[in-house]
Structure formats: structure tokens, C-alpha cells
Amino acid sequence: MADPEYPQKTDTKIVTGGRRKALTGAVVNPPVWRASTHLYENVAALEAGGDKNEDGRFFYGRRGAPTQWSLAEALTELEPGAHGTMLYPSGVAAISCALLSILQPGDVLLMSDNAYDPSRSFAEGFLKKWGVETRYFDPMIGAGIADLFCDRTRAILIESPGSLTFEVSDIPAICAAAKAHKGKREIVTLLDNTWATPYFFTALDKGVDLTILAATKYVVGHSDVMAGSVTATKRHWQTLRSTAQTLGQVLSPDDAYLAARGLRTMAVRLKAHDAAALDIAQWLATRPEVSTVLHPALPSCPGHAIWKRDFAGSSGLFSFVLKGDWDQAAKFVDALELFGIGYSWGGFESLACPKRPEQYRSAVAWACDGTVIRLQIGLENVDDLKADLERGFAAIL
Ligand SMILES: *Cc1c(COP(=O)(O)O)cnc(C)c1O
């Protein structure tokens with residue numbers, strides 16, 4: 001555990017977090033603790049077993065075991081101001097459970113218009129039926145979000161940068177507006193921080209109440225596990241925990257083990273993704289076939305100045321707009337040999353796919369001069385990746 005006199009840098013915490021002897025024993029990597037059932041000494045111990053509901057006390061497998069507790073604690077340590085972390089079997093489960101822990105019928109949820117498509121689907125396909133109305137806002141709205149508040153506004157879900165179009169929102173301004181609102185109900189802010197992770201953006205110290213990771217992406221880092229997490233302040237911790245437990249959300253010990261293993265190298269991987277993706281983004285910006293590059297570290301990206309102010313780096317995912325229609329974009333992507341064609345991202349391998357952001361917008365129309373292609377830049381050699389992209393350009397000549 002960190003000594004407050006010598007605050008550790010995030011790289012160090014990524015390596016040391018959750019490695020407490022009392023929690024996992026004297027091994028570097030906590031083993032896979034598989035268990036559903038705890039055997040008690042006697043009936044009195046059995047009856048008292050569930051009293052103290054917290055990580056570190058084994059009660060029943062649904063409340064986790066040392067493998068999950070260690071991972072949860074490691075993620076908590078990465079977020080200054082955090083009280084605890086709940087783990088989920090996917091990023092979508094983390095998002096939906098975080099929202100369900102805050103919202104009740106009659107509430108209004110404000111959601112960033114560039115949010116991940118399944119977040120919108122959860123709002124429209126599920127929350128709506130349960131009496132929660134979702135209104136979408138321009139990701140560049142900043143402090144102007146206060147104009148959207150009404151008596152029923154209960155929560156704001158931000159995704160910054162958006163994982164298709166990469167606008168960077170003014171998260172501190174949005175959170176400050178939410179906190180300043182003196183309505184009937186407190187407005188709670190939630191952030192999908194999957195792109196930056198706490199390595200590049202710590203959320204709670206910027207005013208966010210609950211920060212969400214699709215751990216499937218950079219935490220796991222090897223494209224072989226689904227996992228999600230929500231890290232919360234003390235104020236929201238108990239309802240987050242009880243909602244997850246009521247809904248029976250549990251990350252398997254095997255998956256928690258792999259996610260914890262992935263986490264240990266997350267800083268070095270992210271540094272490599274950062275450098276390679278930036279190099280390729282800058283190179284793409286010089287290509288005549290490209291109309292614009294949507295990468296938060298480039299001035300062409302909406303919110304670039306905010307990224308510069310708030311973020312410690314940029315990860316491996318960005319988009320560019322290829323001059324031409326969908327068919328040409330498909331031809332470009334089909335010609336690639338090193339980039340895989342697939343969903344997801346955050347693993348060690350590069351991926352490419354054409355996207356239609358206009359299908360997921362309702363507050364501000366999406367328009368661009370061409371077709372969006374999203375790239376996940378993996379850990380391959382940058383020259384090889386550029387040569388592969390040259391192949392794509394050659395295919396659309
Ligand atoms: C992938 C992703 C999720 C969902 O994670 P899963 O583990 O695939 O359910 C959530 N948010 C963003 C931004 C993502 O890219």
C-alpha cells in the first residue's frame with residue numbers, strides 16, 4: 001500500500017496495486033481462487049458469515065474471492081479519491097449496472113451523443129421501459145450542460161474521447177455544473193474511461209463520481225477475456241455494490257486472474273500504443289487520400305486543447321476520414337493484411353474497421369467529407385503497419 005509521504009506514480013501503482021499479503025498471500029500473482037462454498041466451523045459462524053459484506057471476507061463465491069479482490073483493489077488504487085471497485089463479466093455489464101445503481105423510474109439521464117452504441121441501446125432498449133428518459137447532448141457542450149438540467153435530471157454519462165469519433169469533452173466543467181446544480185436531486189456523473197484508462201486520465205479527482213472501464217480492452221490487453229469495472233467514490237459505493245450483488249454480477253476468478261496479469265504490463269503497453277498510434281496518425285494526416293484524422297493529440301480533433309490540458313497521453317485507438325464512400329473504405333480495409341478486421345480493441349494486435357457514426361447520433365448530426373475508418377494500433381512495428389496501410393491506399397487508386 002502506498003505511503004502518503006511518498007506518493008507513487010501510476011506506473012508503479014499498476015505494478016504494486018492489490019498485492020497485499022493479507023489479501024492474497026506471499027506470492028506475486030494471486031492464484032486462481034476457485035470457490036463457491038465456504039465451510040464454517042459451526043452454525044453460529046455460518047449465521048454470522050454474511051454480516052460484514054466487504055472484500056477480504058469470504059462468504060460465498062458470488063461476492064468474490066482473493067483473485068477478484070486483489071484486482072478490484074489494484075484498480076481502486078489507480079484512482080485518487082476512490083473508495084472501491086466492483087468487477088463485472090463485461091464492459092457493458094459495468095455500464096448498465098453503474099446506471100442501474102443510480103437511476104430510478106421518472107429520472108432523466110443525459111448521455112453524450114458520441115457514447116458507445118451499446119450504451120445507447122441500453123438506454124433505449126431497457127431504461128426506457130423502466131421509466132427512465134435519456135436525452136443526448138453534444139460532447140463539446142462543456143459547462144453549457146447546465147442549460148439541459150431539469151428537476152428530473154439524475155445522471156450524466158460521458159464518454160471522452162468518444163470511441164468512434166474522438167471528441168474530447170470538458171469533463172471537469174460538466175462535473176462542476178452537475179455539482180453546482182441545486183435541484184431536488186443530486187446529479188451524478190459517470191464516465192466511460194475505457195480509452196484513456198486511469199494511466200492517462202484519472203477521473204474521480206476531476207469530479208467524476210463513477211468511472212467505468214471495459215477492462216476487456218487495455219486492462220486485459222490480450223484480446224482473450226471479457227471484463228468490466230466501476231470505481232466509485234465513498235458516496236456511491238454502497239449502492240453500486242448492492243446493485244451488482246442483487247443482480248448477481250460476478251467476474252469469474254479465471255478471468256480476474258488474466259485481467260490482473262494484463263494490468264501489470266498496462267503502462268508499458270499503453271506507452272507503446274501511444275507512440276505508434278501518434279506516429280501513424282501524423283503520417284495519415286499528410287496523405288492526400290485522407291480528409292481528416294480524429295486523434296485527440298492532433299489539433300484536427302475536436303477538443304484537442306482539452307485533451308492537452310487534462311490527459312497524460314493518448315492510447316492506440318483513433319479514426320481517420322478516408323475521402324470516398326463506404327465501398328471504397330471497405331476496399332481499403334479488405335486490402336490490409338496485417339490489420340485484422342474486427343470489433344473490440346485494446347489488445348496487442350492492430351485492427352481496422354469502417355464505421356458509420358451518423359447512425360448513432362441524435363443531438364448533433366455527424367457529417368464528414370468521406371468515410372470513417374477506425375484503427376487500433378497494436379504493438380507491431382510501425383513501418384510494417386504503414387506499409388500495410390499503403391496497401392489499402394493502393395487498392396483504392
Ligand atoms: C468495448 C467497449 C465497451 C464494452 O465493453 P465489453 O467488454 O465489450 O462489453 C464499453 N465502452 C467502450 C468505449 C468500449 O469500446
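This note sets out points on the ligand site, the pocket, the cavities and two backbone features of a predicted model.

1. Surroundings of the ligand. The shell around the ligand consists of 14 residues, and the closest of them are Gly91, Val92, Asp192, Thr216 and Lys217. By class, this shell holds 6 nonpolar, 5 polar and 3 charged residues. Helix 5, which spans residues 91-102, makes the largest contribution to the shell, with 3 residues.

2. Polar contacts of the ligand. Three distances deserve the reader's attention. A nitrogen atom of the ligand lies 2.6 Å from an N or O atom in the side chain of Asp192. On the backbone side, a polar atom of Gly91 is 2.8 Å from an oxygen atom of the ligand. The side chain of Trp345 also takes part, with an N or O atom 2.9 Å from a ligand oxygen. As for cover, the ligand taken alone exposes 380 Å², and the protein buries 92% of that area.

3. The pocket that holds the ligand. The ligand occupies the largest pocket of the model. The volume of this pocket is about 670 Å³. Its lining is made up of 37 residues, with Tyr116, Pro118, Tyr343, Lys355 and Arg374 the closest to the pocket centre. Two or more lining residues come from each of helix 5, helix 6 (117-127) and strand 11 (351-355). Helix 5 therefore deserves a second look on the structure, as it supplies the largest share of the ligand shell and is also among the elements named for the pocket lining.

4. Character of the pocket lining. What classes of residue make up the lining of the largest pocket? The lining divides into 18 nonpolar, 10 polar and 9 charged residues.

5. Enclosed cavities. The model contains 4 cavities of 30 Å³ or more. The largest cavity encloses about 150 Å³ of space. It is lined by 15 residues, and those nearest its centre are Arg63, Gly64, Gln68, Met86 and Leu87. Helix 4 (66-77), strand 1 (84-88) and helix 9 (234-246) each give at least two residues to this lining. In terms of class, the lining of the largest cavity comprises 6 nonpolar, 5 polar and 4 charged residues.

6. A cis peptide bond. Which residues are joined by a cis peptide bond? The bond lies between Ser160 and Pro161, with omega at about -10°. Pro161 belongs to the loop that runs between strand 4 (153-159) and helix 7 (171-180).

7. A positive phi value. Phe166 is a residue other than glycine, yet its phi is positive, near 70°. Where does Phe166 lie? Phe166 is found in the loop between strand 4 and helix 7, and Pro161 is placed in the loop between those two elements as well. A reader inspecting this loop may thus view the cis bond at Pro161 together with the backbone of Phe166.

Methods: Residues numbered from 1 in each chain as written. Predicted model: local features only at pLDDT ≥ 70, side-chain atom pairs only at ≥ 80, totals over all residues. Heavy atoms only, no water. Near = heavy atom within 4 Å. Polar contact = N/O pair within 3.5 Å; in protein donor to acceptor, adjacent residues only side chain to side chain. Areas by Shrake-Rupley, 256 points an atom, 1.4 Å probe, with all protein chains shown as cover. 1 Å grid on protein atoms, 1.4 Å probe; cavity = no way out; pocket = protein on both sides within 12 Å on 5 of 7 lines; lining within 4 Å. Sits in = over half its atoms within 2 Å of the grid points. Helix = DSSP H or I, 4+ residues; strand = E, 2+ residues; numbered from the N terminus. Nonpolar A, V, L, I, M, F, W, Y, C, P; charged D, E, K, R; others polar. Points joined across faces, edges and corners; volume = space filled by probe spheres on them.
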